[in-house]
Amino acid sequence: QLSFKTENKRMKIRAKILIQKCYLNVFNGIFLALGLMLLTFGLWLFFDRNNLFSVLFSSGENQLVAYISCMLLGIGSAITFTSAVGFLGSVKEIKCLLVTYMSFQILVFVTQMAILVLIFMKKEEVHNQWNNRIDEVISEYGNESLAEQEHMWNILNAVQHNMECCGRYNVTQWERNKNKENSTQIPCSCIKSSLNKWFCDVPKDSTYSMGCEEYLNTWFENNVLILTAITISLLITQIPLITLTGQLFRNIRKNNIWPNE
């Protein structure tokens with residue numbers, strides 16, 4: 001029969017275990033929600049062919065969007081699996097699952113740190129590629145031999161029409177386009193027109209004077225900011241998760257030792 005002192009110690013440990021399980025499951029839920037955000041972000045990039053990033057970086061040899069989406073899908077899936085392991089391990093108090101969970105947490109933490117460093121190191125390079133690709137699309141716009149790129153041109157038209165802008169920096173950029181019937185033509189989306197064709201004959205002073213660069217850069221920066229915020233939030237959440245898992249593991253082991261004394 002256990003002594004009163006031993007029973008009291010065991011009760012205190014059980015109380016700690018219950019509190020730690022509660023906090024662990026709360027943080028694990030936050031961790032899972034953030035992981036699902038990454039998974040959703042990756043699915044959006046992978047399947048939505050109407051977003052600018054996918055359109056600009058999914059053609060030809062440039063498969064940047066495919067790499068990013070696969071990376072996000074992989075991490076999001078790993079986080080979902082890890083959260084399930086952690087939940088099962090804490091509820092059932094299975095020590096081997098808690099060790100596995102903590103190991104996965106450390107692995108994901110290191111991976112997230114690498115991604116965060118990569119985002120800051122490659123952001124400017126990707127942004128320059130972003131602008132270069134927009135310029136390429138503008139130069140190729142309306143080329144009958146590149147009919148497979150019409151999807152890109154339609155999205156560019158939608159941007160120019162909806163944001164009432166023309167070209168990346170201004171309307172003069174369209175002078176470089178060699179696919180027009182004459183040099184004075186500009187895309188019909190650069191004016192308030194519903195004509196269903198690539199170019200229109202209109203005077204320059206009737207076109208949208210502002211370039212689309214500000215809108216395009218804002219769109220790019222917002223998406224990078226969202227991805228960075230999710231990554232940082234995951235890192236912050238993982239610190240208490242790893243700590244709580246270690247403490248819970250120790251207390252469960254202590255609790256299992258008491259009956260043998």
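**Entry 1: a salt bridge within helix 4**

I began with Arg 133, which is buried because its relative accessible area is 9%, and buried means under 20%. The model I am reading is a predicted one. I then looked up the partner of Arg 133 and found a salt bridge with Glu 136, the closest N and O atoms being 2.7 Å apart. I noted that Glu 136 and Arg 133 both belong to helix 4, where 3 residues, about one turn of the helix, separate them. For Glu 136 I recorded a relative accessible area of 38%, so this residue is partly exposed.

**Entry 2: a salt bridge from helix 4 to a loop**

I next looked up Arg 168, which forms a salt bridge with Asp 135, with 2.8 Å between the closest N and O atoms. This pair links distant parts of the chain: Asp 135 is in helix 4, Arg 168 is in the loop between helix 5 and strand 1, and the two are 33 residues apart. Both Arg 168 and Asp 135 are buried.

**Entry 3: the remaining salt bridges**

How many salt bridges does the structure hold? I recorded 5 salt bridges. One of them joins Lys 21 and Glu 93, whose closest N and O atoms are 3.2 Å apart. Lys 21 lies in helix 1 and Glu 93 in the loop between helix 3 (64-92) and helix 4 (95-140), so this salt bridge ties together parts that are 72 residues apart in sequence. Are Lys 21 and Glu 93 buried or exposed? I found that both are buried. I also noted a network of salt bridges that links Arg 14, Lys 21 and Glu 93.

**Entry 4: the disulfides**

I turned to the cysteines and counted 3 disulfides. Counting the bonded cysteines along the chain, I wrote down the pattern 1-6, 2-4, 3-5.

I took Cys 165 and Cys 212 to begin with; they form a disulfide with sulfur atoms 2.0 Å apart. Where do its two ends lie? Cys 165 is in the loop between helix 5 (150-163) and strand 1 (185-187), and Cys 212 is in the loop between strand 2 (199-201) and helix 6 (213-257), so that the pair links distant parts of the chain, 47 residues apart. The link of Cys 165 and Cys 212 is right-handed, with 100 degrees about the S-S bond. Both of these cysteines, Cys 165 and Cys 212, are buried.

I then examined Cys 166 and Cys 190, a disulfide with sulfur atoms 2.0 Å apart. Cys 166 sits in the loop between helix 5 and strand 1, while Cys 190 sits in the loop between strand 1 and strand 2; these distant parts of the chain are 24 residues apart. The torsion about the S-S bond of Cys 166 and Cys 190 is about 85 degrees, and therefore the disulfide is right-handed. Cys 166 counts as buried because its relative accessibility is 0%, and Cys 190 is buried at 0% relative accessible area.

The pair Cys 188 and Cys 200 forms a disulfide with sulfur atoms 1.9 Å apart. Cys 188 is in the loop between strand 1 and strand 2 and Cys 200 is in strand 2, so the disulfide ties together parts 12 residues apart in sequence. A torsion of about 100 degrees about the S-S bond of Cys 188 and Cys 200 makes this disulfide right-handed. I recorded a relative accessible area of 2% for Cys 188, which is therefore buried. Cys 200, at 3% relative accessibility, also counts as buried.

**Entry 5: two further cysteines**

I looked up the accessibility of Cys 22 and Cys 96. Cys 22 counts as partly exposed because its relative accessibility is 48%, whereas Cys 96 is exposed at 53%.

**Entry 6: surface patches**

Which residues make the nonpolar surface patch of about 290 Å²? I listed Leu 43, Phe 46 and Phe 47. Leu 43 lies in helix 1 (residues 4-47) and is partly exposed, with a relative accessibility of 37%.

I also noted a positive surface patch, formed by Lys 9, Lys 12, Lys 16, Lys 95, Arg 250, Arg 253 and Lys 254. At least two residues of this positive patch come from helix 1, and at least two come from helix 6. Lys 9 is in helix 1; its relative accessible area of 38% makes Lys 9 partly exposed.

**Entry 7: a contact between distant positions**

I closed with Leu 234 in helix 6, which is buried because its relative accessible area is 0%. Leu 234 and Leu 34 are 200 residues apart in sequence, yet 6.6 Å apart in space from C-alpha to C-alpha.

Key: Residues are numbered from 1 along each chain as its sequence is written. This is a predicted model: local features need pLDDT of at least 70, side-chain atom pairs count only at pLDDT 80 or more; totals for chains, interfaces and linings use all residues. Side-chain values use heavy atoms; hydrogens and water are left out. A disulfide is a pair of cysteine sulfur atoms within 2.5 Å. Helices (H or I, at least four residues) and strands (E, at least two) are DSSP runs, numbered from the N terminus. Buried means under 20% relative accessible area, exposed over 50%, partly exposed in between (1.4 Å probe, protein chains only). Patches are made of residues with over 30% relative accessible area and no salt bridge: like charges are joined within 9 Å, nonpolar side chains (Val, Leu, Ile, Met, Phe, Trp, Tyr) within 5 Å. Accessible areas come from the Shrake-Rupley method with a 1.4 Å probe; for residues, only the protein chains shown count as cover. A salt bridge is a side-chain nitrogen of Lys or Arg within 4 Å of a carboxyl oxygen of Asp or Glu. Lys and Arg count as positive and Asp and Glu as negative; His and the chain ends are not counted. The place of a charge is taken as NZ of Lys, CZ of Arg, CG of Asp or CD of Glu.
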